[in-house]
Amino acid sequence: MRSQDRFRGCLLALVLVGVFASVPAPAQTPCQGDSCLPTTGYTYDTHWNCGGFYGNQVCYQPGACLNYICADAHTFGWGSADYDGTASLNVAFAADAATATAYPPFSNSGGSLARACRRRDCVDTDLADQRYWERVSHDHLNHAHTHTIKGHGKA
Amino acid sequence: MRSRPIIAVAGLSLVVAVGGAFAADTERGGPAAPEPPLVSEPPGPAPSELVGRLRARDTVDDAIAREMAAGPLLADGAADVATARRVQPKVGRPGWLMEGAKAAGGRRSVCYAREGFLNCASTAAIAEQGVVTMVSTRGDDVSIEGIAVDGISAVDITLRTGKVVRAPVVDNVFLIEANEPPSEVRWQGAQGAKRQSFEWLVRLTDEAKAREQAVRSGLIP
């Protein structure tokens with residue numbers, strides 16, 4: 001009986017090894033396990049603003065920049081647009097592809113705070129050829145006032 | 001009579017010069033026209049006065065996943081995860097409604113978190129409009145969703161192609177999945193018909209798509 005059990009055990013082990021060897025490893029998973037939280041992987045944290053700007057303008061990271069030409073590109077995986085004033089307006093955040101090989105852009109808008117992650121689980125991937133420009137904007141068109149929308153990005 | 005053309009040319013020059021200076025300034029991000037002062041605005045109604053789902057009894061299902069609570073959407077305390085209530089729109093992904101962190105002047109807000117996205121709107125704005133619409137994108141996937149106060153049963157979303165889609169409100173939220181941004185959202189509020197235009201977002205989306213194509217084709221290095 002013992003030798004039979006050993007044989008069955010070895011057979012089961014071989015089958016399991018074969019099964020797991022054929023399962024492809026998850027791609028671009030920075031960490032796994034209970035200690036791995038979604039914030040793991042973000043090593044760059046930046047805040048920016050352009051002072052007040054109008055609803056037909058956009059404000060790019062690193063701030064004081066209303067055109068992508070003066071924007072900085074980073075391997076952003078998360079971004080935020082935040083308005084702290086009292087006007088009733090909607091903010092927008094967007095990350096635009098800055099490299100030809102970048103993943104698709106991502107964005108979010110609505111309310112006074114809008115945040116978005118490139119991935120659904122918000123895990124950072126930090127691949128060198130995945131670079132984005134981040135920008136914030138608001139919908140207060142045809143109004144005399146400018147508004148300050150604070151940008152925040154992580155890469 | 002002769003002086004009039006001279007005055008006109010001088011005036012035009014002044015307008016062009018001022019306009020040019022303004023454009024140059026705004027390209028760099030300044031000067032900033034003053035924000036309306038942060039005077040004693042009322043904090044807005046309590047979130048649970050507007051959003052019935054936040055009055056519901058807390059259950060085990062309402063708890064936000066640890067990964068989301070500890071992730072970059074919520075880890076800084078932008079919203080109070082202890083008040084979260086799980087919501088399930090008629091179609092699509094579930095999410096969580098919760099009270100936002102109090103802003104300057106004690107202003108209150110309601111936040112809506114779901115897979116990789118978070119939005120917060122002041123209760124003053126929610127009470128005034130009845131609906132706050134959010135548009136989130138990943139590539140060509142566009143989610144048009146939002147928060148609606150009690151008593152609003154549906155919103156009509158006009159896509160940029162002109163197609164109108166009715167989104168029912170369930171658990172105070174609505175959602176449709178599309179591959180284009182909305183041009184307008186309409187609903188029946190307590191004070192009658194309301195609408196919100198998204199022409200600003202359509203313009204930004206078009207500009208971004210054109211720029212992305214230029215980047216991917218190497219026209220923008």
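Six nonpolar, four polar and four charged residues make up the lining of the largest cavity. This is a predicted model, and it holds one cavity of 30 Å³ or more. The space inside the largest cavity comes to about 60 Å³. Of its 14 lining residues, Phe76(A), Gly77(A), Arg118(A), Asp124(A) and Thr125(A) are the closest to the centre.

**Nonpolar cores**

On to the greasy parts. In soluble globular proteins, nonpolar side chains tend to be buried together. Here the largest nonpolar core has 45 residues, and the members touching the most others are Trp133(A), Leu97(B), Val155(B) and Ile157(B). In chain B, strands β3 (109-114), β5 (131-138), β6 (141-148), β7 (154-159), β9 (173-178) and β10 (182-189), along with helix α5 (199-216), each put in at least two residues. The largest share, five residues, comes from α5(B). Another core lies apart from this one, with 20 residues, including Cys50(A), Phe53(A), Ala95(A) and Phe117(B).

Which residues does Val155(B) touch, if you skip those up to four places away in sequence? They are Val131(B), Val165(B), Arg166(B), Ala167(B), Phe174(B), Val185(B), Arg186(B) and Trp187(B).

**Salt bridges**

Side chains of opposite charge can pair when their charged atoms come close. Over all chains, the count comes to 20 salt bridges. Three of them, all in chain B, are set out here.

| Acid | Base | Closest N and O atoms |
|---|---|---|
| Asp62(B) | Arg53(B) | 3.2 Å |
| Asp206(B) | Arg160(B) | 2.7 Å |
| Glu212(B) | Arg216(B) | 2.7 Å |

Is the pair of Arg53(B) and Asp62(B) buried or exposed? Arg53(B) counts as buried because its relative accessibility is 17%, under the 20% cut-off. Asp62(B), at 2%, counts as buried too.

Asp206(B) and Arg160(B) link distant parts of the chain, sitting 46 residues apart. Asp206(B) belongs to helix α5 of chain B, while Arg160(B) is in the loop between β7 and β8 (164-168). Asp206(B) has a relative accessible area of 34%, so it is partly exposed. Arg160(B), with 39%, is also partly exposed.

The pair of Glu212(B) and Arg216(B) stays within helix α5 of chain B, with four residues, or about one turn of the helix, between one position and the other. Glu212(B) is buried at 18% relative accessibility, whereas Arg216(B) is partly exposed at 31% relative accessible area. Elsewhere, shared partners tie Asp96(A), Arg135(A) and Arg211(B) into one salt-bridge network.

Technical notes
Residues are numbered from 1 along each chain as its sequence is written. Chains are lettered from A and ligands numbered from 1 in the order in which they are written. This is a predicted model: local features need pLDDT of at least 70, side-chain atom pairs count only at pLDDT 80 or more; totals for chains, interfaces and linings use all residues. Side-chain values use heavy atoms; hydrogens and water are left out. A nonpolar core is a set of buried Ala, Val, Leu, Ile, Met, Phe, Trp, Tyr and Cys residues joined through side-chain atoms within 4.5 Å. Buried means under 20% relative accessible area, exposed over 50%, partly exposed in between (1.4 Å probe, protein chains only). Contact means heavy atoms within 4.5 Å. On a 1 Å grid over the protein atoms alone, a cavity is a set of points where a 1.4 Å probe fits but cannot get out, and a pocket is an open set with protein on both sides within 12 Å along at least five of seven lines; lining residues have an atom within 4 Å of a point. Grid points are joined across faces, edges and corners, and a volume is the space filled by probe spheres set on the points. Ala, Val, Leu, Ile, Met, Phe, Trp, Tyr, Cys and Pro count as nonpolar, Asp, Glu, Lys and Arg as charged, and the others, Gly among them, as polar. A salt bridge is a side-chain nitrogen of Lys or Arg within 4 Å of a carboxyl oxygen of Asp or Glu.
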